[in-house]
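Let's take a walk through this structure together. Have the sequence and the 3D view at hand, and we will go one step at a time.

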There are 2 protein chains.
Amino acid sequence: MANTSTPDSSRRSERSRRAIFDAALALVGEVGYDKLTIEGIASRAGVGKQTIYRWWPSKAAVLLDAFTATVDDYDTKGLPDTGDLAADLKFVLRATADEFNDPAFQAPYRALAAAGANDEELSRTFVARLSEPGTRLYVDRLRAAQETGEVGADIDVRIAAEMLLSPFSQRWLMRTGELTYDFVDTLVDQVLRGLRPRG
Amino acid sequence: MANTSTPDSSRRSERSRRAIFDAALALVGEVGYDKLTIEGIASRAGVGKQTIYRWWPSKAAVLLDAFTATVDDYDTKGLPDTGDLAADLKFVLRATADEFNDPAFQAPYRALAAAGANDEELSRTFVARLSEPGTRLYVDRLRAAQETGEVGADIDVRIAAEMLLSPFSQRWLMRTGELTYDFVDTLVDQVLRGLRPRG
């Protein structure tokens, strides 16, 4: 059935969408992915179950959209490019550390990562929708630096992006270390030191 | 009660220990951490439940010992040190890639990683017993290279070890890329390029 949308109904839709995303993120952090249900999300969001099913086929789909909505900002603008690669990377990674250190962000992200470690299909969707677009922003920024000569032409920029991002993600996910500004700055400096054109 | 051990009974104990480890690793891969039980391990290993409880207080303790038994080899010998840091790191990481690409290894490790993402105490034990000792081997090898002048004196060798190991672990855990020899070699070369003393 066609949905005849008026300005009012689309404002209502947008409000429901946000309520559903907030409810899904809060709940998955509280009960874990396995025990998350569409009923639970609907009840927490104060909407009918059918409202959710009209827009999303599964709880995984709701969650992926909820997470994507939180990172869309980066996606559209790309990483900052002031011409100073080290400063730009430190700026973004320090902001990301603040975000990852926020308990409200931690719980749902951990629940999804845990579910993904066992569920291959969920994990592949999760990576394609969330982690790959993020990685690509770094790859693009490094490629731009390659064009200006700040990064060597022979560098594999995909692996360089992983050298920056994986130690960061791993510390957080496995709780092997703190995400401090000191860590971020040393990591960026040590990675970039290896990417410079050979003298 | 004191356990009077004879050569025969300690051979029997060692056989039971191995059977219990094999059963625990196989089962956690099949049913996941949450559904793993001491009863299930005992039945698969062909031993009485009490045999397991005599040696280990919990399923987590059995699993951690089972995993540790598979990595003890490295722990006692350290990483190879032929004086060629790049060659040594590529050798060990290629062998580790073979291991991580083995389905028999994958399933139990993923199950434990998934459980650890949500269970902070399990995760901290897991990291302290398994991942930290592994990381320390790399830190030690890099420090040795620092002493011979192959690695700069101003390098943070802990973060350097993470630059090597985290992209590797992350590709595997999140399935973001293949663990090929090409990947390993490029990663080692690109990391080491940044660690050399400044000219």
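We will start where the two chains meet and then look at single helices and residues.

Keep in mind as you look around that this is a predicted model. A good place to begin is the meeting of chain B and chain A, where 42 residues of chain B are in contact with 42 residues of chain A. The size of an interface is often given as the accessible area lost when the parts come together. Here the area buried between chain B and chain A comes to about 3,700 Å², and carbon and sulfur atoms give 53% of it. Three residues of chain B deserve a look: Arg175(B), Gln190(B) and Arg193(B) supply 22% of the area that chain B buries against chain A, more than any other three residues.

What joins the chains across this interface? The rule finds four salt bridges between chain B and chain A. One of them can be found between the side chains of Glu162(A) and Arg171(B), at 2.8 Å from N to O. Alongside these, 12 residue pairs are in polar contact across the interface, with both residues at pLDDT 80 or more.

Which helices of chain B supply at least two residues each to the side that touches chain A? They are α6 (103–118), α7 (120–147), α8 (157–174) and α9 (181–195). Among these, α8(B) gives the most, with 12 residues. Sorted by class, this side of chain B has 17 nonpolar, 12 polar and 13 charged residues.

Now move to helix α2 of chain B, which spans residues 38–45. Its buried residues are Ile38(B), Ile41(B), Ala42(B) and Ala45(B). Why do they share one side of α2(B)? They cover an arc of only 100° around the axis, which puts them on the same side of the helix. The spacing fits a general pattern: an α-helix has 3.6 residues a turn, so residues three or four places apart point the same way. After α2(B) comes Gly46(B), whose phi is positive, near 70°.

Finally, turn to chain A and its helix α7 (residues 120–147), the place of Arg141(A). Is Arg141(A) buried or exposed? Its relative accessible area is 4%, so Arg141(A) is buried. Setting aside residues up to four places away in sequence, Arg141(A) touches several others, including Leu79(A), Pro80(A), Asp81(A) and Asp88(A).

Ala144(A) also lies in helix α7 of chain A, and at 24% relative accessibility it counts as partly exposed. Between Ala144(A) and Ser166(A) there are 21 Å in space, C-alpha to C-alpha, and the two are 22 residues apart in sequence.

Key: Residues are numbered from 1 along each chain as its sequence is written. Chains are lettered from A and ligands numbered from 1 in the order in which they are written. Side-chain values use heavy atoms; hydrogens and water are left out. Contact means heavy atoms within 4.5 Å. Buried area is the accessible area (1.4 Å probe) that two parts lose on being put together, summed over both. A polar contact is a pair of N or O atoms within 3.5 Å; within protein, one must be able to donate a hydrogen and the other to accept it, and residues adjacent in sequence count only if both atoms are side-chain atoms. Helices (H or I, at least four residues) and strands (E, at least two) are DSSP runs, numbered from the N terminus. Ala, Val, Leu, Ile, Met, Phe, Trp, Tyr, Cys and Pro count as nonpolar, Asp, Glu, Lys and Arg as charged, and the others, Gly among them, as polar. Buried means under 20% relative accessible area, exposed over 50%, partly exposed in between (1.4 Å probe, protein chains only). The arc is that of the directions from the helix axis to the C-beta atoms.
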